[in-house]
Each structure stands twice: as C-alpha cells, then as structure tokens.
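User: I'd like to learn how to read a protein structure, one feature at a time. Can you walk me through it?

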Amino acid sequence: ITAIIGVSGQPKQFTKNVITACQKNTEYPLIFSLSNPTSKSECTAQEAYDTTNNKLYFASGSPFKLRQNTFKTGKEIVPSQ
C-alpha cells in the first residue's frame, strides 16, 4: 500500500508525477489531499481520479465535485471530506 498525505497548505504539490509514482507501488494508492480551503489543496479530486484512471482511494479536507462523466457507470460519486 502506498499513501500520500497532504497537510502543508501548499497547493498543487500532488502533481501527475507524484500521483503516478504512488500508483507504481500499488494498484489503488491512498491520496489524502487534506489542506483547506480548496485553494490550498495539494490536488483536486478530479486531478487525482484522472491521473489514476479512477483507481485510488481519495479523501480531502475540502469539498470537491467530480465531472459528470468521470465514471463510465454514470453514477455520481462525491469524494470523501
């Protein structure tokens, strides 16, 4: 299992390269972008889902909404906060 936990309040620190590196070690990385408000978040939920092709466990300290077409099933999923 690979996890990355963001609590620094420094935005955009979980780049595609960082998230991809986490995914190399496990099929479903744990991405916890916990800083808030959203302007201080290490990454958005959408960025994390897009980078991992929806294969992750995500939690945040800020509310995020995903694009309607993020999942093929059409289900609306609200990321954990």
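Analyst: Let's go through the sheet, a helix, a few single residues and the salt bridges. Keep in mind that this is a predicted model.

User: Okay, the sheet first. How many strands form the sheet, and in what order do they come?

Analyst: The general idea is that strands of a sheet pair through backbone hydrogen bonds, either parallel or antiparallel. Here, 3 strands form an open sheet, ordered β1-β2-β3, and the pairing is parallel. β1 (3-6) and β3 (57-60) are the edge strands, each pairing on one side only. From one strand to the next, the twist averages 5°.

User: Which residues face each other across β1 and β2?

Analyst: Strand β2 covers residues 30-33, and 4 bridges join β1 to it. You can find Ile4 opposite Ile31 in β2. Another match to look for is Ile5, whose bridge partner in β2 is Phe32.

User: Where do the side chains of β2 point?

Analyst: In a regular strand the side chains alternate between the two faces of the sheet. β2 shows this alternation: Ile31 and Ser33 point to one face and are buried. Leu30 and Phe32 point to the other face and are not buried.

User: Now a helix. Which residues of helix α2 are buried?

Analyst: The idea to start from is that an α-helix has 3.6 residues a turn, so residues three or four places apart point the same way. Helix α2 spans residues 45-52, and its buried residues are Ala45, Gln46, Ala48, Tyr49 and Thr52. They sit on the same side of α2 because they cover an arc of only 165° around the axis.

User: What covers the buried residues of α2?

Analyst: The cover includes α1 (16-25), β2 and β3. While you're looking at α2, check what comes after the helix: Asn53 follows, and its phi is positive, near 60°.

User: Let's try single residues. Is Ser62 buried or exposed?

Analyst: For this you look at relative accessible area, where buried means under 20%. Ser62, which is found in the segment after β3, has a relative accessible area of 1%, so Ser62 counts as buried. Leaving out residues up to four places away in sequence, Ser62 touches Ser35, Asn36, Pro37, Thr38 and Gln81. With Ser35 there is also a polar contact: the side chain of Ser62 reaches the backbone oxygen of Ser35 at 3.2 Å.

User: And Gln23? Which residues does Gln23 touch?

Analyst: Gln23 has its place in helix α1. With a relative accessible area of 22%, Gln23 is partly exposed. Not counting residues up to four places away in sequence, Gln23 touches Pro29, Thr51, Thr52 and Lys55. The side chain of Gln23 reaches the backbone oxygen of Thr52 at 3.2 Å. For a feel of the distances, try Gln23 and Thr44: they are 21 residues apart in sequence and 17 Å apart in space, C-alpha to C-alpha.

User: Last topic: how many salt bridges does a search of the whole structure find?

Analyst: When you read a salt bridge, check who the partners are and which parts of the chain they belong to. The search finds 3 salt bridges. One of them is between the side chains of Lys12 and Glu47, at 2.9 Å, N to O. Lys12 lies in the loop between β1 and α1 and Glu47 in helix α2, so this pair ties together parts that are 35 residues apart in sequence. Glu47 is partly exposed, at 29% relative accessibility.

User: What does the salt bridge of Glu27 and Lys55 tie together?

Analyst: The side chains of Glu27 and Lys55 meet at 3.7 Å, N to O. Glu27 is in the loop between α1 and β2 and Lys55 in the loop between α2 and β3, so the pair links parts 28 residues apart in sequence. Glu27 is partly exposed, with a relative accessible area of 48%, and Lys55 is partly exposed at 33%.

User: Which residue forms a salt bridge with Asp50?

Analyst: That's Arg67, with the closest N and O atoms 3.2 Å apart. Asp50 lies in helix α2 and Arg67 in the segment after β3, so the pair ties together parts that are 17 residues apart in sequence. Asp50 is partly exposed at 40% relative accessibility, and Arg67 is partly exposed at 44%.

Notes: Residues are numbered from 1 along each chain as its sequence is written. This is a predicted model: local features need pLDDT of at least 70, side-chain atom pairs count only at pLDDT 80 or more; totals for chains, interfaces and linings use all residues. Side-chain values use heavy atoms; hydrogens and water are left out. Two strands pair if DSSP finds at least two bridges between them. Helices (H or I, at least four residues) and strands (E, at least two) are DSSP runs, numbered from the N terminus. Axes are lines fitted to C-alpha atoms, for helices over the stretch in contact, and angles run from 0 to 180 degrees between N-to-C directions. Buried means under 20% relative accessible area, exposed over 50%, partly exposed in between (1.4 Å probe, protein chains only). A polar contact is a pair of N or O atoms within 3.5 Å; within protein, one must be able to donate a hydrogen and the other to accept it, and residues adjacent in sequence count only if both atoms are side-chain atoms. Contact means heavy atoms within 4.5 Å. The arc is that of the directions from the helix axis to the C-beta atoms. A salt bridge is a side-chain nitrogen of Lys or Arg within 4 Å of a carboxyl oxygen of Asp or Glu.
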